[in-house]
Amino acid sequence: MSKIIKLRKGFDINLAGKAEHKVSDSQHANTYAVKPTDFIGMQRPKALVAVGDIVKAGTPVLIDKKHEDVKYVAPVSGEIVDIKRGEKRKLLEIVILADKTMEFESFAKYSVSDLAKLSKDELKEQMFKGGVWPNIIMRPYGVVADANDSPKAIFISGFDTSPLAPDYNVIYKGEEQAFQAGIQVLKKFTEGAIHINVNGADEVNPIFLNAEGVQVNKFIGKHPVGNVGVQIHHIDPINKGDVAWTVQPAGVIQIGKLFLEGKFDASKIIALTGSEVANPQYFKTYGGAAVKAFTQGNLKQEHVRYVSGNVLTGENIGQEGHLGFYTNQFTILPEGDHFQFMGWIAPTAKKLSFHRAFGLLSFINSSNKEYVLDTNMQGEPRAFVQTGAFEKVVPMDIYPTHLLKAILAEDFDEMEALGLYEIIEEDFALCEFIDVSKHNVQAIVREGLDLLQYS
Amino acid sequence: MKFIRNIVEKAKVPFEKGGKLEKYHHLFETIDTLLFVPNQTTGQKGVQVRDAVDLKRFMMTVIIALVPALLFGMYNVGYQYYKAVGLTPASSWDLWWVGIQRVVPIIIVTYVFGLFITEFAFTVIRKHPINEGFLVSGILIPMVMPPTIPLWQVAIASVFAVTMAKEAFGGTGMNVLNVALVARAFLYFAYPGQISGDQVWVYLGNHTPVDGFSGATPLALAAQTLETGQNVVASLAAQSADYSFANLFYGLIPGAIGETSVLMILIGALILMVTGVGSWKIMVSVFGGAYGMALVLNAVGANPYMAMPPEYHLVIGGLAFGAVFMATDPVTASQTETGKWIYGLMIGILTVMIRVLNPAYPEGIMLAILFMNVFAPLVDYFVVAANKKRRLKRATV
């Protein structure tokens with residue numbers, strides 16, 4: 001019944017430092033943070049707590065004044081120790097010092113059969129209060145969903161193809177029941193289907209295989225085939241005026257647990273990856289965890305970059321930083337702030353390249369070779385020159401260069417017509433990686449989405 | 001390497017913000033970045049690692065692809081010289097020496113006036129980094145010149161091309177027309193005496209040529225058959241034993257410096273295709289378009305030039321050079337993959353049309369490419385419009 005969709009375009013970045021299939025429960029972070037910057041589209045963040053306040057896991061700590069119903073809650077119980085602000089008093093982080101034993105806010109608890117009887121409004125209210133609503137992302141724009149929309153379908157990507165991505169068989173093991181409950185809740189919000197897109201090349205994760213009331217689609221291909229945006233394009237593309245929702249499996253599980261267990265459960269398994277990690281493996285922790293605990297004594301060297309997320313879409317958070325709300329991956333890379341003598345022409349097979357221009361020999365390596373890449377720009381920014389390359393890493397019927405130029409020209413009609421509604425940053429991340437002219441492609445995409453959304 | 005880096009760091013100081021030579025910051029940066037890839041790292045958010053490619057390497061690949069044709073061009077200048085003046089060279093080194101003496105000054109003049117004067121001036125005035133584009137243009141311009149070209153004309157053409165064809169539009173990546181072809185077109189219309197006719201394609205020095213020397217290129221001979229009514233192949237053979245098909249392919253014939261040897265150009269084409277730097281679609285479609293158009297003219301067959309076997313069109317004149325190195329310029333060509341096929345085909349078709357149907361211009365490739373440079377955005381417009389239409393149709397279904 002499920003169809004297999006094969007995509008030829010794309011590029012796999014095979015990095016050194018894959019997480020070993022071992023989940024450790026030994027390291028615990030001291031502090032956890034809620035970061036408004038994780039929630040793209042949050043326009044007027046407001047902290048609901050002050051330094052010194054005591055919170056439980058599930059206590060609201062943050063809202064967007066434009067959508068006051070949707071609460072952003074504390075992942076753990078403890079004391080608010082810091083509220084970090086940046087330029088113009090922009091709210092950056094609400095930091096919580098965690099208690100030794102966790103206390104939870106209690107929400108209404110339902111059995112699986114009771115859950116089916118709840119109305120959409122009752123579900124919505126509990127999701128707002130219980131802090132799980134931000135798991136639902138809306139397309140177009142890739143921002144936290146608006147509950148007043150009725151999405152034409154909900155999409156869940158069941159695998160991640162980005163570099164060093166965590167294995168969903170590891171991080172979602174044993175969560176079948178919560179996942180199914182989450183699906184049941186989401187089902188009430190759409191008249192369309194709930195699509196779960198799985199990797200057709202692998203055995204299907206039992207958590208997805210046994211899910212009921214969903215449409216399972218199989219995808220085969222290279223990155224970005226695991227991106228939900230690419231999958232939507234091939235199943236039921238987003239046109240002007242359409243709204244679709246996307247949720248990560250972790251979000252579905254969190255929603256399910258809120259109703260089954262009556263608590264906001266921020267626990268998650270994260271993959272600690274990257275070439276500079278001595279023992280790359282999985283850790284059990286909570287959302288927003290400070291990363292220091294996992295890296296101390298576990299690094300090969302000190303001059304590294306701490307990335308919340310993967311190397312294509314992640315964020316540099318620094319040694320003292322906290323993981324993002326949506327991420328289940330943490331990557332450590334060598335910093336690349338060094339000069340390379342004649343590095344622009346010296347032949348090399350060590351540096352990865354999608355291209356085969358003179359001296360770039362990585363294409364002759366076996367596809368199993370693992371690369372150690374640092375954060376150097378590998379060149380200087382220039383105007384667009386090369387053509388035809390972006391198209392090879394965007395497996396969609398979209399002209400990336402034309403779309404990007406339309407955004408730079410702030411041409412609204414062109415942006416719409418060329419398909420900006422169908423993408424968010426991550427779908428063009430590979431363009432940014434392979435770009436000969438070193439543009440910040442993802443920032444340009446967001447600029448365009450902001451233009452369309454807010455003006 | 002640390003030692004060299006230290007020297008650069010020390011030299012850098014006056015060029016930095018607030019320094020005495022701040023105005024020339026980008027000039028210094030050019031030299032600095034040629035020596036060292038900078039230590040700049042990726043941003044806070046977005047990709048944290050970057051592909052090893054950059055524009056310098058990209059452009060350098062084109063230069064490497066040009067080297068076989070350039071070296072052969074130098075040799076050929078000497079070969080044609082000795083043949084025309086009736087002297088016997090003592091060794092093949094003599095051939096090389098004549099060619100080097102002729103070609104290297106042209107290259108130097110192109111770089112000095114195009115890069116060191118014009119580009120540097122724009123860099124300082126417009127405060128933008130030096131673009132690598134001229135590295136390639138600086139080799140391409142000499143290669144499309146006849147070996148007898150006066151150096152002052154090369155200088156004017158380079159300055160004109162960089163200023164009017166490139167910097168006026170904002171620099172590499174923004175230009176509409178191929179810079180090297182603009183240089184050639186400029187001379188073609190401003191000083192036609194030194195870049196067209198039968199007397200410019202063979203360097204003679206101060207010597208008078210031997211009896212019976214004509215210096216006419218195969219293209220010119222082919223055009224002459226319109227008046228004489230002779231068969232083109234026969235008239236080529238009658239002119240010189242060098243004008244056999246095989247020799248036209250190998251390239252020991254009079255012509256612009258880099259364009260005579262189809263063999264060497266194809267080696268370059270192979271480099272561009274394997275590295276993916278030049279679009280194979282454009283190359284194939286230019287050759288295909290020219291061949292197809294020649295076949296059509298064969299079918300008409302109203303005069304001997306129309307009846308010339310199609311394969312001759314591919315080996316005479318600058319068609320191969322233009323197809324491989326000029327038409328594939330990514331900035332001025334079509335940018336969509338479908339558009340590239342149309343763009344290339346049109347260049348091939350137009351080249352043969354200009355050659356055969358308009359004998360006022362013996363060579364058509366230059367004008368055909370410039371013409372299609374102008375129309376490439378229009379081709380893309382329609383290809384992209386089809387994409388938009390697909391999206392719109394989906395929305396209303």
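Visitor: Which residues of H1(B) meet which residues of H2(B)?

Guide: On the H1(B) side they are Ile4(B), Val8(B) and Lys12(B). On the H2(B) side they are Phe28(B), Asp32(B) and Leu35(B). Keep in mind that this is a predicted model.

Visitor: What makes these count as contacts?

Guide: Two residues are in contact if their C-beta atoms lie within 7 Å. By class, this contact of H1(B) with H2(B) has four nonpolar, no polar and two charged residues.

Visitor: Why is H1(B) called roughly antiparallel to H2(B)?

Guide: Look at the angle. H1(B) and H2(B) pack at about 170°, and their axes are 11 Å apart. Angles over 145 degrees count as roughly antiparallel. The angle of about 170° passes that cut-off, so H1(B) is roughly antiparallel to H2(B).

Visitor: Which elements of chain B give two or more residues to the side that touches chain A?

Guide: First the totals. The contact takes 54 residues from chain B and 65 residues from chain A. The elements of chain B are helix H1 (2-12), helix H2 (25-35), strand S1 (36-37), helix H3 (55-85), helix H11 (262-275) and helix H16 (365-396). The side of chain B that touches chain A has 22 nonpolar, 20 polar and 12 charged residues.

Visitor: How do you know that S21 of chain A pairs with S1(B)?

Guide: Count bridges. Two strands pair if at least two bridges are found between them. Strand S21 (residues 340-341) of chain A has two bridges to S1(B), so the two strands pair. They run antiparallel. Gln340(A) has Val37(B) in S1(B) as its bridge partner.

Visitor: What makes S3 and S5 of chain A edge strands?

Guide: Start with the sheet. It is open, has four strands and follows the order S3-S9-S8-S5 in chain A, with antiparallel pairing. S3 and strand S5 (54-55) each pair on one side only, and they are the edge strands. Strands of a sheet pair through backbone hydrogen bonds.

Visitor: How do you know that S3(A) pairs with S9?

Guide: Four bridges join S3(A) to strand S9 (residues 91-98) of chain A. Pairing needs at least two. Four bridges meet that rule, so S3(A) and S9 pair. The two run antiparallel. Within the pair, Tyr32(A) stands opposite Ile96(A).

Visitor: What covers or exposes the faces of S3(A)?

Guide: Both faces are covered. Thr31(A) and Ala33(A) are buried on one side. Tyr32(A) and Val34(A) are buried on the other.

Visitor: Why is Leu164(A) called buried?

Guide: A residue is buried if 20 or more other C-beta atoms lie within 10 Å of its own. Leu164(A) has 25 such neighbours, so Leu164(A) counts as buried. Its place is the loop between strand S12 (154-157) and helix H3 (168-171) of chain A. Its phi is also positive, near 60°, though Leu164(A) is not a glycine.

Visitor: What makes a positive phi worth a mention?

Guide: Most residues other than glycine have a negative phi. Arg89(A) is another residue with a positive value, about 55°. Arg89(A) sits in the loop between strand S8 (78-85) and S9 of chain A.

Visitor: Is Arg89(A) buried or exposed, and what number tells you?

Guide: The cut-off for exposed is 12 or fewer C-beta atoms within 10 Å. Arg89(A) has 7, so Arg89(A) is exposed.

Visitor: Why is Glu320(A) called exposed?

Guide: Glu320(A) has 10 other C-beta atoms within 10 Å, and 12 or fewer is the cut-off, so Glu320(A) is exposed. Glu320(A) lies in the loop between strand S19 (315-316) and strand S20 (329-334) of chain A.

Visitor: Where are the cis peptide bonds at Pro140(A) and Pro224(A)?

Guide: Pro140(A) is in the loop between strand S10 (137-139) and strand S11 (143-144) of chain A. The cis bond there runs from Arg139(A) to Pro140(A), with omega near 0°. Pro224(A) is in the loop between strand S14 (215-220) and helix H6 (228-235) of chain A. A cis bond joins His223(A) to Pro224(A), with omega about 10°. Most peptide bonds are trans.

Visitor: Why is H14(B) called mostly covered?

Guide: Eight of the eight residues of helix H14 (residues 319-326) of chain B are buried. Among them are Leu319(B), Phe321(B), Val324(B) and Met326(B).

Conventions
Residues are numbered from 1 along each chain as its sequence is written. Chains are lettered from A and ligands numbered from 1 in the order in which they are written. This is a predicted model: local features need pLDDT of at least 70, side-chain atom pairs count only at pLDDT 80 or more; totals for chains, interfaces and linings use all residues. Ala, Val, Leu, Ile, Met, Phe, Trp, Tyr, Cys and Pro count as nonpolar, Asp, Glu, Lys and Arg as charged, and the others, Gly among them, as polar. Axes are lines fitted to C-alpha atoms, for helices over the stretch in contact, and angles run from 0 to 180 degrees between N-to-C directions.
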